[in-house]
Amino acid sequence: MEKTMMFIVCSTLVLLLCSTSAYAQKAKSPPSPPISIAPTPAPAPAPAPEHLNLTELLSVAGPFHTFLDYLVSTKVIETLQNQANDTEEGLTLFVPKDKAFSSLKTPSLSNLTADQLKSLCLFHALPHYYSLSDFKNLSQASPIMTLAGGTYTLNFTDNSGTVLVGSGWTNTKVSSSVRSTDPVAVYQVDKVLLPEAIFGTDIPPMPAPAPSPDIIAPSADAPVADGGRGHAPSQSTSTPSSSYRIISASAWSCLILVLSGGMALFL
């Protein structure tokens, strides 16, 4: 019995010593460093959309001074500016050069009312951004409504990459691109776009092209100027004229008379 008690006591002491040693080693070991988590960088803010100043653009390009004056006087420039910068659709604008206005004889723009002139300016704009490549599909959807609304529409045709614009009164082409960066496209046209909604449908016929000058070929009997190689050669063996034959006969008669007289003197 005593041996059993001693064995239990010894075992308990051994267990206590092992536990104490293990705890001491665990207390002496340095704590593991905390795991650092790198913060996720915040996404960069989207760049602010470029504010396009149409007045400045049309002032330095072109020259488009006449068209710009109409836009400013009718305050259409403000409508175009808002469409360009404050909408998701963007803007497509067709601008005629000053020469297009100076060459416009009929009809005249001087007789238009203020509202008609405003509609004329809005007629040159589409309420959407279109690149040059878009006009190929746009030609199949013609007519296309302009910012003037209502019956103010334009027809487009893509002719092997050349964009043609038709308004009834006007048939012209896009001659160059002033700006084509989304959301604003500005294209130069050769003529002023005249809407039927203002000028009516009684469109005068287009003047016939001037006939080309006829080239008259010289006839075969016509003389050719000197120096050419086409004139007929002169006959070197032409027969003597009648006057030459008469003079020769008179000379021979005189010679015979002289010889006859000389022989008579010697006889």
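In the predicted model, the axes of helix H3 (residues 65-73) and helix H4 cross at roughly 90 degrees and come within 5 Å of each other. That angle makes H3 roughly perpendicular to H4. The contact is formed by Leu-68, Leu-71 and Val-72 on the H3 side, which meet Val-76, Ile-77 and Leu-80 of H4. By class, 6 nonpolar residues take part in this contact, with no polar and no charged residues. The loop between H3 and H4 contains Lys-75, a residue that is not a glycine and yet has a positive phi of about 65 degrees. Lys-75 is exposed, with a relative accessible area of 55%. Most residues other than glycine have a negative phi.

Cys-121, located in helix H6 (residues 114-122), also contacts this region. Apart from neighbours within four places in sequence, Cys-121 is in contact with Phe-67, Tyr-70, Leu-71, Thr-74 and Val-76. Leu-71 and Val-76 in this set also belong to the contact of H3 with H4. Cys-121 has a relative accessible area of 2% and is therefore buried, the limit being under 20%. Its C-alpha atom lies 9.5 Å from that of Val-95, although the two residues are 26 residues apart along the chain.

The strands form an open sheet of 7 members in the order E2-E1-E7-E6-E5-E4-E3, with mixed pairing. The edges are occupied by strand E2 (125-126) and strand E3 (144-145); each has a single partner strand, so one side of each is left without a neighbour in the sheet. H4 (residues 76-85) packs on the sheet, where it touches strand E1 (91-96), E2 and strand E7 (184-189), and its direction makes about 140 degrees with that of E1. At the E3 edge, the pairing with strand E4 (residues 153-159) is antiparallel and extends over 2 bridges. Within this pairing, Ile-144 has Leu-154 of E4 as its bridge partner. The loop between E4 and strand E5 (162-166) holds Ser-160, another residue other than glycine with a positive phi, here about 55 degrees. Ser-160 counts as exposed, at 77% relative accessibility.

The largest nonpolar core comprises 50 residues, of which Leu-54, Phe-94 and Phe-156 touch the most other members. Among the elements, E7 gives the most to this core, with 5 residues. Leaving out residues up to four places away in sequence, Phe-156 touches Phe-94, Leu-126, Phe-135, Leu-138, Ser-139, Ser-142, Ile-144, Val-163, Leu-164 and Val-165. In soluble globular proteins, nonpolar side chains tend to be buried together.

E7 also carries a glutamine, Gln-188, which is buried with a relative accessible area of 14%. Beyond residues up to four places away in sequence, Gln-188 touches Phe-64, Val-95, Lys-97, Lys-173, Val-174, Ser-175, Ser-176 and Val-178.

Two cis peptide bonds were also assigned, one from Gly-62 to Pro-63, with omega near 25 degrees, and one joining Ser-142 and Pro-143, with omega of about 5 degrees. Pro-63 is placed in the loop between helix H2 (54-60) and H3, whereas Pro-143 lies in the loop between helix H7 (135-138) and E3. Ser-142, on the N-terminal side of the second cis bond, is one of the residues touched by Phe-156.

Note on methods: Residues numbered from 1 in each chain as written. Predicted model: local features only at pLDDT ≥ 70, side-chain atom pairs only at ≥ 80, totals over all residues. Heavy atoms only, no water. Pairing = 2+ DSSP bridges. Helix = DSSP H or I, 4+ residues; strand = E, 2+ residues; numbered from the N terminus. Contact = heavy atoms within 4.5 Å. Axes fitted to C-alpha atoms, helices over the stretch in contact; angles between N-to-C directions. Parallel < 35°, antiparallel > 145°, perpendicular 65-115°, else oblique. Nonpolar A, V, L, I, M, F, W, Y, C, P; charged D, E, K, R; others polar. Core = buried A, V, L, I, M, F, W, Y, C linked by side-chain atoms within 4.5 Å. Buried < 20%, exposed > 50% of the residue type's maximum accessible area, 1.4 Å probe, protein only.
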